[in-house]
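This briefing introduces a structure to a reader who has not met it before. Please look at the sequence and the structure first, then read the notes.

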Amino acid sequence: MTAAIIDGKAAAAALREQIATEVARLRETDDLQPGLAVVLVGEDPASQVYVRNKGRQTVEAGMLSHTHRLRDDTSETELLALVADLNADPTVHGILVQLPLPPQIDEQRVICAIDPAKDVDGFHPLNAGALANGDPGALAPCTPVGCLLLLREQFDNDLAGQHALVIGRSNIVGKPMAQLLLQESCTVTIAHSRTRDLPALCRHADIVVAAVGRPGMVRGDWLKPGAVVIDVGINRLPGEGDKARLVGDVAFAEAREVAGAITPVPGGVGPMTIACLLRNTVVAACRQAA
Ligand code: GUN
């Protein structure tokens with residue numbers, strides 16, 4: 001079998017178009033322009049690319065974009081003061097502090113300082129708790145929501161009863177992904193670095209979501225024939241000249257011979273993440289205006 005390639009770029013473009021239409025309507029009829037503030041501390045090259053893309057796509061969707069670039073040696077107190085200002089700013093409906101943060105800053109303290117109503121990352125414990133409670137209105141983390149939207153397309157919106165294996169237990173992807181799949185009535189297994197016999201677990205899974213950050217870790221012969229594979233990994237390997245080559249957590253060439261459908265890297269999950277961030281910002285703006 002040769003797997004269908006899941007085109008995340010096209011799905012994200014379609015979602016951004018829907019969002020832009022909704023934003024135009026809000027501006028026209030409700031005089032409401034959703035605004036997203038993105039905070040970047042330091043100069044991590046990958047984070048800089050993500051933050052630039054977020055700003056550009058926010059503007060393209062017709063929203064207000066505020067980007068705050070802070071020095072690498074910014075103190076936690078300075079960052080918390082900026083978050084407090086953004087919490088109080090009525091033109092800012094969504095706040096995203098790009099992770100990872102430099103070591104002098106406690107990430108959890110910063111996440112907890114963001115107004116939960118403006119937490120478009122869905123990382124605040126109130127939002128994580130709402131998701132775990134099965135609240136369908138919870139602001140949920142953007143990467144797993146993007147994965148879910150791609151999966152729903154593959155299964156005609158009915159994931160009930162599918163055995164889903166989530167590899168990775170981070171607060172950003174693995175745990176919320178498992179909660180979202182549970183909400184769709186999947187049977188969910190969460191695997192991690194201490195899991196025994198991961199290949200055997202994988203062979204039982206109808207859906208595999210790989211989010212571990214280890215290039216090519218999931219092999220083709222681990223997969224159940226016809227499985228739907230969502231590769232969240234974005235690993236930079238040395239490429240031609242000084243260009244990095246991006247690869248996922250799944251050995252793509254092998255997996256594509258066994259899977260039913262698979263996301264490529266790049267062009268799979270990545271573009272969906274920002275589209276879902278824009279969507280969360282519109283939802284947050286509408287709730288704040290209500
Ligand atoms: N770093 C990597 N992914 C993310 C994300 O989804 N949100 C934030 N804030 N930082 C990240």
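Domain bounds here come from an automatic or database domain assignment. The shell around the ligand takes at least three residues from each of domain 1 (32-115) and domain 2 (142-270). This is a predicted model, in which local features need pLDDT of at least 70, side-chain atom pairs count only at pLDDT 80 or more, and totals for chains, interfaces and linings use all residues. Residues are numbered from 1 along each chain as its sequence is written.

**Around the ligand**
- Leu96, Val97, Gln98, Leu99, Asp121, Cys142, Thr143 and Ile172 surround the ligand, each with its C-beta atom, placed from the backbone, within 6 Å of it.
- Strand E4 (94-97) and helix H6 (142-154) each give two or more residues to this shell; helices (H or I, at least four residues) and strands (E, at least two) are DSSP runs, numbered from the N terminus.

**UniProt binding-site residues**
- An unreviewed UniProt entry lists Gly168, Arg169, Ser170 and Ile234 under "binding site"; such annotations may be inferred rather than shown by experiment.
- Gly168 lies in the loop between strand E5 (163-167) and helix H7 (174-183), and Arg169 is placed in the loop between E5 and H7.
- Gly168 counts as buried because it has 23 C-beta neighbours inside 10 Å, where buried requires 20 or more, exposed 12 or fewer, and partly exposed a count in between, with C-beta atoms placed from the backbone.
- Arg169 counts as partly exposed because it has 18 C-beta neighbours inside 10 Å.
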